[in-house]
Amino acid sequence: MKLRFRVLPGRAALVIMALLCVVVTIPGTARADNPIVQTIYTADPAPLVHNGRVYLYTGHDEDGSTYFTMKEWRVWSSADLVNWTDHGSPMSVATFSWASADAWAGQAVERNGKFYWYVPVKDRASGQMAIGVGVSDSPTGPFRDAIGRPLVRNGEIDPTVFIDDNGQAYLYWGNPNLWYVRLNADMISYSGSPTQIPLTTAGFGTRTGNASRPTLYEEGPWVYKRNGLYYNVFAAKCCSEFIGYSTAPGPTGPWTYRGTVMPTQGSSFTNHPGVIDFNGGSYFFYHNGALPGGGGYTRSVAVEKFAYNADGTIPTINMTTTGAPQVGTLNPFVRQEAETIAWESGVETEPAGEGGMNIGWIENGDYVKVKGVAFGSGARSFSARVASASSGGRIELRLDGANGTLVGTCTVPGTGGWQTWTTVTCPVNGATGTHDLYFRYAGGSGYLFNVNWWQFTS
Ligand SMILES: [Ca+2]
Ligand SMILES: [Ca+2]
């Protein structure tokens, strides 16, 4: 949501900043945790639980977009559902040599140690939307085109992937229709032909006033199985959409419409579901237009915790700015990435020359909040990996607010480059127990420094 000026010459940058810069003022205390990402616009959440973390696959709405202008996908991860690590963009339209545009709503799944990411993208030759599949050895990529061509192409979008208990995998997708195909065990080919799921009103509810779409099913299916029951949660009606769902005794139906999961809310005319169980809780991911400048083409992914009813039905879930409660706490005594963020103001991320991502575009008064940091009996010192092509600045360590109790200040020097890294260390006093930790950045004018990672000692 913030524009990159650093590559521009100084005067041009100042003029453009004056014209375009959106100042976002956010209170420093009691800050909400939805939407999940504030550094860019995100859309079409697809969460995946793997090895005790939630990996969140999203699209990326370009700043100022007036259509679904989407060039790349993004990956985030979290162990606690409030502090999210930015893993950058490990797959884009350019990953698929046959594709020309439209990095739209996909889903990733793990099988036999490989990660398969199914995405809709425009096939250049036909001009039709098609489903591509990326593959990686890591949930954070990088992903490569698994087959060098569309896996399936029928002009429809929004793949969801599901592996049944017996190992049979299914790919579902479609707008305006709903299709499935049985994937082979290699996950990059299929058996039989794409088959349409009958869109009956019993299966998918009744829409009035649209003769060509008699049911509520619109797009964005999310299919999974829980306690023997198959669920298809989908974007319903249009426009604006709400989230509805159907259930079935088997992976191919027959489906029965079960009602509303999330009403039409949140200043985006689309929505997209993603449902997981994690650490004993159930979580519903969706998107809205909640960030400044947000709307139908500048969306943001958010999450709510919910509990299934005893009969397996899903309660109605409302959008909140509070988000899900934190699972556990964050350990400050191991290396934490600077791009692990619960909430921020004024910073952005970029690939770091040392690997991973770093935060940058830091100016005086910007801050990053990390939630629920367990200092225990106390922290003695703080170290941060920093770089600065300017004269640097200061990292103020504050508790429970951007203007909260100051427990340490680290001075960051100029290092001669934005990717010329050094480690700075400073003493810490008064950081005990569990607190929200705010890094408040201070210094002169312009960009101060970048941060790659940080760590306290006890
Ligand atoms: Ca900034
Ligand atoms: Ca980093």
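Cys 426 counts as buried, at 5% relative accessibility, where buried means under 20% relative accessible area, exposed over 50%, and partly exposed in between (1.4 Å probe, protein chains only). The model is a predicted one, in which local features need pLDDT of at least 70 and side-chain atom pairs count only at pLDDT 80 or more, while totals for chains, interfaces and linings use all residues. Residues are numbered from 1 along each chain as its sequence is written, chains are lettered from A and ligands numbered from 1 in the order in which they are written, and side-chain values use heavy atoms, with hydrogens and water left out.

Back to Cys 426, then. Its partner in a disulfide is Cys 410, at an S to S distance of 2.3 Å; a disulfide here is a pair of cysteine sulfur atoms within 2.5 Å. The link of Cys 410 and Cys 426 is left-handed, with -115 degrees about the S-S bond. Cys 410 sits in strand 30 and Cys 426 in strand 31 (residues 417-427), so the pair ties together parts that are 16 residues apart in sequence. Strands, like helices, are DSSP runs numbered from the N terminus (E, at least two residues, for strands; H or I, at least four, for helices). Cys 410 is buried too, with a relative accessible area of 1%.

By the sulfur rule, the count comes to two disulfides. The other bond joins Cys 238 to Cys 239, with S to S at 1.7 Å. Cys 238 is partly exposed, at a relative accessible area of 34%. The peptide bond from Cys 238 to Cys 239 is cis, with omega near -25 degrees, and Cys 239 belongs to the loop between strand 16 (229-236) and strand 17 (242-248). With the bonded cysteines of the chain numbered in sequence order, the pairing reads 1-2, 3-4.

Strand 30, home of Cys 410, also has a strand partner. Strand 29 (residues 393-399) and strand 30 (residues 405-412) run antiparallel and are joined by seven bridges; two strands pair if DSSP finds at least two bridges between them. Glu 396 has Thr 409 in strand 30 as its bridge partner. The two strands make a hairpin with five residues between them, and Asp 400 in the turn has a positive phi of about 70 degrees.

Another stretch of strands centres on strand 12 (residues 169-173), where five of five residues are buried. Ala 169, Leu 171 and Trp 173 point one way while Tyr 170 and Tyr 172 point the other, and all are buried. On one side in sequence, strand 11 (residues 160-163) runs antiparallel to strand 12, with four bridges between them, and Ile 163 has Ala 169 as its bridge partner. Their hairpin has five residues between the strands, with Gly 167 taking a positive phi near 90 degrees. Strand 13 (residues 179-183) is likewise antiparallel to strand 12, through five bridges, and Tyr 172 stands opposite Tyr 180. That hairpin has five residues between its strands as well, and Gly 174 in the turn shows a positive phi of about 140 degrees. In the loop between strand 12 and strand 13 lies Pro 176, and the peptide bond leading to Pro 176 from Asn 175 is cis, with omega near 15 degrees.

Two further residues have unusual backbone entries to note here. Asp 44, in strand 1 (residues 41-50), has a phi near 55 degrees, a positive value in a residue other than glycine, and is buried at 9% relative accessible area. Asp 158 is not a glycine either, yet has a positive phi of about 65 degrees. Asp 158 is in the loop between strand 10 (144-145) and strand 11, and is buried at 5%.Next comes the metal site. The calcium ion (ligand 2) is coordinated at 2.2 to 2.5 Å by Glu 337 (OE), Glu 339 (OE), Glu 339 (OE), Met 357 (O), Asn 452 (O) and Asn 452 (OD1). Donors are N, O and S atoms within 2.8 Å of the metal (3.2 Å for Na, K and Ca), and water is not among the atoms, so sites may look incomplete. Glu 337 lies in strand 22 (residues 336-337) and Asn 452 in strand 33 (residues 450-457), so the pair ties together parts that are 115 residues apart in sequence. Asn 452 is buried, with a relative accessible area of 1%.
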